[in-house]
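Trainee: Got a minute to walk through this one with me? I'd like to start with a single residue and work outwards.

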Amino acid sequence: MQILPMIDRLPRRLNKITEDLEQGRFSMNMRVLENTSDRRFLTSLFQQLIVAVLAGAAVLGSIMLITSEDGPLLTEGIHLYAFFGFVLLFGGFVLSMRSLMLVFKRGVDG
């Protein structure tokens, strides 16, 4: 009994939709990221991507610094740039672990 008024209006709505389709006036207003869970999902994907790119760049930069023979000597066998390379390698390692944590956390949360 509760849906009788809706069923009564249904033929008029269908008629209006088909008329609009025939006349080329039919339009729909749809927002892609209206739902907050969609925005949260895309934000987490971009966060993962940025952290992974930063980790890769830090590791590559650190390898270049470690293998470099240039720069002043910090001690007799270690160049200053190699020391900076090891520090940057540690930072890249931490970022890569953060990236893995984001992947596994997203898998648990859904």
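**Starting from S99**

Mentor: Sure. S99 counts as buried, because its relative accessible area is 13%, under the 20% limit. Keep in mind that this is a predicted model.

Trainee: OK, and where is S99 placed?

Mentor: S99 belongs to helix 3, which covers residues 80-109.

Trainee: What does S99 touch, leaving out residues up to four places away in sequence?

Mentor: Q48, V51 and A52.

Trainee: Switching to confidence: which element has the lowest mean pLDDT, and which the highest?

Mentor: Helix 1 (residues 4-23) is lowest at 77, while helix 2 (residues 36-67) is highest at 92. Across the chain the average is 86, and 93% of the residues score at least 70.

Trainee: Now salt bridges. How many turn up in the whole structure?

Mentor: Two. D20 pairs with K16 at 3.4 Å, N to O, and D20 also bridges to R25, with the closest N and O atoms 3.2 Å apart. That links K16, D20 and R25 in a network.

Trainee: How far apart in sequence are D20 and K16?

Mentor: Four residues, about one turn of the helix, and both lie in helix 1.

Trainee: And is D20 buried or exposed?

Mentor: D20 is buried, at 12% relative accessible area, whereas K16 is partly exposed at 47%.

Trainee: Last topic: which residues make the nonpolar surface patch?

Mentor: Among them are V32, L33, F41 and L42, and the patch comes to about 910 Å². V32 sits in the loop between helix 1 and helix 2, and V32 is exposed at 67% relative accessibility.

Technical notes. Residues are numbered from 1 along each chain as its sequence is written. This is a predicted model: local features need pLDDT of at least 70, side-chain atom pairs count only at pLDDT 80 or more; totals for chains, interfaces and linings use all residues. Side-chain values use heavy atoms; hydrogens and water are left out. Helices (H or I, at least four residues) and strands (E, at least two) are DSSP runs, numbered from the N terminus. Buried means under 20% relative accessible area, exposed over 50%, partly exposed in between (1.4 Å probe, protein chains only). Contact means heavy atoms within 4.5 Å. pLDDT is the predictor's confidence in each residue, from 0 to 100. Patches are made of residues with over 30% relative accessible area and no salt bridge: like charges are joined within 9 Å, nonpolar side chains (Val, Leu, Ile, Met, Phe, Trp, Tyr) within 5 Å. Accessible areas come from the Shrake-Rupley method with a 1.4 Å probe; for residues, only the protein chains shown count as cover. A salt bridge is a side-chain nitrogen of Lys or Arg within 4 Å of a carboxyl oxygen of Asp or Glu.
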